[in-house]
Amino acid sequence: MKKRTHKKTFGEIRINRMLVIMGLFTAALLVIFGKLVYLQVIDSTDQYARQVDQLVDEVNVKASRGNIYDRNMNVLAQDSSAKAVHIIPKDVEKPDELAQVLSDQLQVDKTSILNKINQLEDDKVEMKTNVSKDTADQLMKKITKGLAYENGTLYAIPAEVTDAKAAAEAVSGSFENLSYDDAYGYLTQKENNALLIKGQVDNSLAQSILDSQTTKDANGKTTSTNGVELIEDNRRYYTNGNFASYVLGFTNNDYKGVCGVESTYDEWLSGEDGVVYIQKDANGTTIPSQTKTVKQPKQGNDLVLTLDSNIQTLTEKALSSAIEQWKAKSGTAIVMDTKTGEIVAMATKPDYDLNDPYTISSD
């Protein structure tokens, strides 16, 4: 008895083929969907950060501190407009000239300025796209520091590179369309963000520094500022210099209260910092037009003391006379309103100029 075999009809074969094709198509869609999820959800934060770093430089703007008044609303301390001088190392074209000018004009150590000018980028710098994982793995075996690979893109991390020349030779030798000079440039790229040189600089001085480093084309358009950027800043100004110096105190270079009520009420007087966004072109170079978008800072709260400026002045004069009469080294006087217990004057001699607190008086 013969065993019957079932032969597939043309229709069945066609259906099977369609199922296979649909299965392959579905698998391809799942792979693409998975890749999109990874890029737009899992890896989106890192990608966004790199894009922002390339196109926009974010710099904090110090908020104005609140005013300090005496009981009669006479201003004892307030802010005045100033500038913070920054540099963008990647945009510096004449490093020695810039370092010398900044050192002379701002009284900042030249070596520290040069160190900032020569600071290397510590973030990823795109070198080559469409790189296979095998090629990247081989390169990263040769160059253990300063390279990164992600989603088919090879990156340099200049601040981590130990031997830029050797790395440039290895990288350029692995790709036909990437020259040694280009690879070396990526591997030694300077920092692309603004670095603070000095804050609380007088407006006219800061502007003269910027003007000295600015070059323009025949149409008067700025083409370079040699990496110099000026950001709005504030300086603390004390109306009467030595007046109630130990009571008021002063602020440091970070605009924080160091002593006196400036320190005690620092949180109250401090405002909310703003942000300046410095625009860059596709290559990460600052646009010389100086166009910026600013998130405005919020000024701190004012503070009213129980001091009376008139009584404070009389107290300081009387204390100075008493010290001179009795040949004392120092003295302190406090005047209190006996009805309320409020301190209306408090003086200590010798004192110091609040507008120049780090200079020792010869008196």
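Which residue is the bridge partner of M336 in β15? Hold that thought while you get the whole chain on screen.

**The whole chain**

What you have open is a predicted model. Color by secondary structure and you should get twelve helices and 15 strands. The chain has 363 residues, and 36% of them are buried. Switch on the surface: the accessible area comes to about 22000 Å², with 52% of that belonging to carbon and sulfur atoms. If you like contact maps, take the contacts between residues at least 6 apart in sequence; 70% of them join residues at least 24 apart.

**Stop 1: the β14/β15 hairpin**

Select residues 331-336 for β14 and 343-349 for β15; the two strands pair in the antiparallel sense, over six bridges. Now for that opening question: M336 has I343 as its bridge partner in β15. Six residues sit between the strands of this hairpin, and among them G341 takes a positive phi, near 80°.

Next, step along to P350, in the segment after β15. Check the peptide bond that joins K349 to P350: this one is cis, with omega about -5°.

**Stop 2: a three-stranded sheet**

Jump back along the chain and show β4, β5 and β6. The three make an open sheet with strand order β4-β6-β5 and antiparallel pairing. At the edges you have β4 (125-128) and β5 (147-150), each of which pairs on one side only. Turn the view to look across the strands, and you can follow a twist that averages 40° from one strand to the next.

Zoom in on β5 and β6 (residues 153-156), an antiparallel pair joined by four bridges. One residue pair to label here is L147 and A156, the latter being the bridge partner in β6. Then add helix α5, residues 133-142: this helix packs on the sheet and touches β5 and β6, and its direction makes about 165° with that of β5.

Between β4 and α5 there is a loop, and N130 is in it. Its phi is near 55°, a positive value in a residue other than glycine. Is N130 buried or exposed? Its relative accessibility is 75%, so N130 counts as exposed.

For another case of the same kind of backbone angle, select Q200: phi is again near 55°, positive although the residue is not glycine. Q200 lies in strand β7, residues 195-201.

**Stop 3: salt bridges**

The structure holds eleven salt bridges, and three of them are on this tour.

Start with K124 and E150, whose closest N and O atoms are 2.7 Å apart. K124 is in the loop between α4 (110-117) and β4, while E150 belongs to strand β5, so the salt bridge ties together parts that are 26 residues apart in sequence. K124 counts as partly exposed because its relative accessibility is 25%. E150, at 13%, counts as buried, the cut-off for buried being under 20%.

Next up are D202 and R235, whose side chains meet in a salt bridge at 3.7 Å, N to O. You'll find D202 in the loop between β7 and α8 (203-212) and R235 in strand β10 (residues 228-238), so this pair ties together parts 33 residues apart in sequence. Both ends count as partly exposed: D202 has 31% relative accessibility, and R235 has 30%.

Now select D266 and R65. They form a salt bridge with the closest N and O atoms 2.8 Å apart. The pair links distant parts of the chain, 201 residues apart: D266 is in helix α11 (residues 266-269), and R65 is in the loop between β1 (56-61) and β2 (68-69). D266 counts as buried at 14% relative accessibility, and R65 is buried too, with a relative accessible area of 1%. Widen the selection to R65, D79, R236, E262 and D266, and you have one network, joined by salt bridges that share partners.

**Last stop: a nonpolar patch**

Go back to the surface view and pick F25, L29 and I32. Together they make a nonpolar surface patch of about 310 Å². L29 is found in helix α1, residues 10-42. How does L29 count for exposure? With 43% relative accessibility, L29 counts as partly exposed.

Conventions: Residues numbered from 1 in each chain as written. Heavy atoms only, no water. Patch = residues over 30% accessible without salt bridge, like charges linked within 9 Å, V, L, I, M, F, W, Y side chains within 5 Å. Areas by Shrake-Rupley, 256 points an atom, 1.4 Å probe, with all protein chains shown as cover. Salt bridge = Lys/Arg side-chain N within 4 Å of Asp/Glu carboxyl O. Buried < 20%, exposed > 50% of the residue type's maximum accessible area, 1.4 Å probe, protein only. Pairing = 2+ DSSP bridges. Axes fitted to C-alpha atoms, helices over the stretch in contact; angles between N-to-C directions. Contact = heavy atoms within 4.5 Å.
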